[in-house]
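This report introduces a protein model to a reader who has not met it before. It turns to paired strands, then to a pocket and a surface patch.

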Amino acid sequence: MKTEITREDFLQFNKHVQSTINHRKPILFAFSFLILFVIVMNIGKPFDLLSIVTEIFLIIVLWGLIFVVFKQIGLSKIKKMPYEKGGILGERIYLIEDKGFREISNSSETFTNWNGFKEIQESKDHYYLFVVKIAAYIIPKRSFSNGTEEEEFINTINKKILKYNTGDKS
């Protein structure tokens with residue numbers, strides 16, 4: 001299969017990875033810090049529930065804005081990151097082989113054994129063949145000429161990964 005990976009594909013992949021990250025621990029840490037900060041700021045003052053709630057609300061809004069701004073800055077930097085003639089963007093040939101998956105570009109060739117894949121994730125416009133949590137082969141859906149070809153490709157990949165991850169080499 002032949003395809004082209006664009007800056008937009010790379011950006012969409014990074015957005016997809018960001019959306020799957022568990023933010024529970026950082027949120028709990030930030031909330032704990034917020035409570036501690038408000039307590040420290042109000043030591044020695046008479047207790048005023050309205051001012052405490054107002055402070056918490058304002059800090060949450062401020063942190064939310066800062067988070068959104070930094071996330072957008074980060075994504076814009078990520079989109080600019082790969083070089084046009086580097087190893088991430090450009091034309092790709094993907095080959096499904098007996099022992100693994102091969103990617104060939106103008107500057108590199110990569111081979112991953114089937115047991116090296118962790119999972120396949122799907123987004124609106126892409127399939128991502130993950131080898132670790134933040135690294136995957138990007139397969140744009142536009143690369144398929146029709147739905148049947150797309151379905152056959154993904155079914156074959158799933159069968160190979162399942163076969164090699166369960167130890168059934170037959």
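## Strand pairs, pocket and patch

Val132 has Ala135, a residue of strand 7, standing opposite. The model in which this pair appears is a predicted one. The two residues belong to a wider arrangement: strand 6 (residues 126-132) and strand 7 (residues 135-140) are paired in the antiparallel sense, with six bridges. Between these two strands lie two residues, and together strand 6 and strand 7 form a hairpin.

Strand 6 also has a partner in strand 5 (residues 119-122), to which it is joined by four bridges, and the two run antiparallel. Here Glu119 is found opposite Phe130 of strand 6. The link from strand 5 to strand 6 is a hairpin through three residues.

A further antiparallel pair consists of strand 3 (residues 100-104) and strand 4 (residues 109-113), which share five bridges. Within this pair, Phe101 stands opposite Thr112 in strand 4. A hairpin of four residues joins strand 3 to strand 4. The table below gathers the three pairings.

| Strand pair | Bridges | Residues in the hairpin link |
|---|---|---|
| Strand 3 and strand 4 | five bridges | four residues |
| Strand 5 and strand 6 | four bridges | three residues |
| Strand 6 and strand 7 | six bridges | two residues |

The helices enter the account through the pocket. The largest pocket holds about 370 Å³ of space. Its lining is made of 11 residues, and those closest to the centre of the pocket are Pro26, Ile27, Ala30, Trp63 and Phe67. Helix 2 (24-41) and helix 3 (49-80) are the elements that contribute two or more residues to this lining. Which classes of residue make up the lining of the largest pocket? There are nine nonpolar and two polar residues in the lining, and no charged ones.

The surface patch concerns these helices as well. Phe29, Phe33, Phe37, Met41, Leu62, Trp63, Ile66, Val69, Phe70 and Ile73 make a nonpolar surface patch of about 990 Å². Helix 2 and helix 3 each provide at least two residues of the nonpolar patch. Which helix gives the most to the nonpolar patch? Helix 3 does, with six residues; Leu62, a member of the patch, lies in helix 3. Trp63 is named both among the residues closest to the centre of the largest pocket and among those that make the nonpolar patch.

How values were computed:
Residues are numbered from 1 along each chain as its sequence is written. This is a predicted model: local features need pLDDT of at least 70, side-chain atom pairs count only at pLDDT 80 or more; totals for chains, interfaces and linings use all residues. Side-chain values use heavy atoms; hydrogens and water are left out. On a 1 Å grid over the protein atoms alone, a cavity is a set of points where a 1.4 Å probe fits but cannot get out, and a pocket is an open set with protein on both sides within 12 Å along at least five of seven lines; lining residues have an atom within 4 Å of a point. Grid points are joined across faces, edges and corners, and a volume is the space filled by probe spheres set on the points. Ala, Val, Leu, Ile, Met, Phe, Trp, Tyr, Cys and Pro count as nonpolar, Asp, Glu, Lys and Arg as charged, and the others, Gly among them, as polar. Two strands pair if DSSP finds at least two bridges between them. Patches are made of residues with over 30% relative accessible area and no salt bridge: like charges are joined within 9 Å, nonpolar side chains (Val, Leu, Ile, Met, Phe, Trp, Tyr) within 5 Å. Accessible areas come from the Shrake-Rupley method with a 1.4 Å probe; for residues, only the protein chains shown count as cover. A salt bridge is a side-chain nitrogen of Lys or Arg within 4 Å of a carboxyl oxygen of Asp or Glu.
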